[in-house]
Amino acid sequence: MKKILSVIFLSILLITGATDSIYAQSETAIPEEKLLPRLTDEADILSDTEEAKLLKNLDEVSERQKCDVVIATVASLNGQSPMNYADDFYDYNGYGYGENRDGILLLISMENRDYWISTYGYGMTAFTDAGLAYIQDQFLSDLSDGNYFESFTTFAELCDSFITQARTEKPYDTGNLPRTPLFPFFIAADFLIGFVIALILAFVKKGKLKSVRPETQAQNYTVPGSLFLSVNQDWFINKTITTRKIQQENPSGSSTHSSSSGTTHGGSGGKF
């Protein structure tokens with residue numbers, strides 16, 4: 001009887017242990033499908049209308065480009081670094097398009113005003129370190145000013161442009177970044193200011209030449225026979241050597257790191 005009870009008790013322990021093991025594995029395994037939409041606003045910094053419009057935009061870009069473009073806002077990082085939180089959020093919520101889980105995620109944490117961009121799969125190809133720095137420069141001003149919808153819209157539009165560039169030509173990178181467009185007003189204003197300054201300087205110089213009269217013939221400036229060289233000799237005085245340091249190009253491509261799940265991510269971030 002005791003042997004039977006022992007066997008039953010041992011079986012219960014094994015079953016319980018196996019169940020715990022399976023549960024633990026389900027908690028840490030990367031899901032095969034997305035568990036969350038491409039926009040999650042846990043920090044509640046967007047209106048319902050803005051959320052719907054932005055999610056529709058992210059879905060359209062992601063499906064057309066076959067590369068997930070994701071934005072997530074959170075109230076706190078729960079003690080994690082922005083990089084680790086963003087990578088885990090991407091991995092453990094099943095983001096990434098296709099077999100290679102291609103994509104890019106922008107994480108915003110309101111606790112200490114941190115942001116991080118995590119790239120994966122083809123996202124690491126399309127978004128180089130230099131490219132990510134350019135993208136951050138474009139959306140960071142609105143993000144800092146609290147214009148979150150405008151900032152996120154700019155991010156989505158740039159992601160669309162960068163993926164197109166990477167697929168059709170070569171990825172934006174050091175020495176190959178998009179030019180910041182100039183508005184016609186600023187071009188016209190710069191031209192007008194330059195013209196006015198040049199006109200003022202010309203009138204000032206003209207005013208200082210009151211004793212000067214135009215001369216049409218150069219021969220009036222010389223006296224015939226006044227120049228005679230008896231000795232003609234060259235002397236070496238000194239020499240000047242000019243050196244210039246050749247600047248090395250900034251490293252190109254994407255720097256990478258491993259997430260807690262062992263997957264390889266690229267990315268960068270900072271404060272806003």
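## The two faces of strand β2

In this predicted model, the side chains of strand β2 are split between two directions: Asp-68, Val-70, Ala-72 and Val-74 point one way, while Val-69, Ile-71 and Thr-73 point the other. In a regular strand, side chains alternate between the two faces of the sheet.

Are the residues on these two sides buried or exposed? Both sets are buried. Strand β2 covers residues 68–74, and seven of its seven residues are buried, so under 20% of the relative accessible area remains for each of them.

## Neighbours on either hand

Let's meet the strands that pair with β2. One of them is β1, residues 39–41, which runs parallel to β2 and is joined to it by three bridges. Here Leu-39 has Ile-71 of β2 as its bridge partner.

Strand β3, residues 103–109, also pairs with β2 in the parallel sense, this time over seven bridges. Within that pairing, Val-74 is matched with Ser-109 of β3.

## Following the chain through the helices

Which way does the chain turn as it passes from β2 to β3? The path leads through helix α3, residues 82–92, and this β-α-β crossover is right-handed. The unit made by β1, helix α2 (residues 48–65) and β2 is, by contrast, left-handed.

## How confident is the prediction?

The protein has a mean pLDDT of 81, and 65% of its residues reach 70 or more. Take care with residues 1–27, where the pLDDT is below 50. Beyond near neighbours in sequence, that stretch makes zero contacts in the model.

Terms used. Residues are numbered from 1 along each chain as its sequence is written. This is a predicted model: local features need pLDDT of at least 70, side-chain atom pairs count only at pLDDT 80 or more; totals for chains, interfaces and linings use all residues. Side-chain values use heavy atoms; hydrogens and water are left out. Buried means under 20% relative accessible area, exposed over 50%, partly exposed in between (1.4 Å probe, protein chains only). Helices (H or I, at least four residues) and strands (E, at least two) are DSSP runs, numbered from the N terminus. Two strands pair if DSSP finds at least two bridges between them. A crossover is right-handed if, with the strands pointing away from the viewer, the path from the first strand over the helix to the second runs clockwise. pLDDT is the predictor's confidence in each residue, from 0 to 100. Contact means heavy atoms within 4.5 Å.
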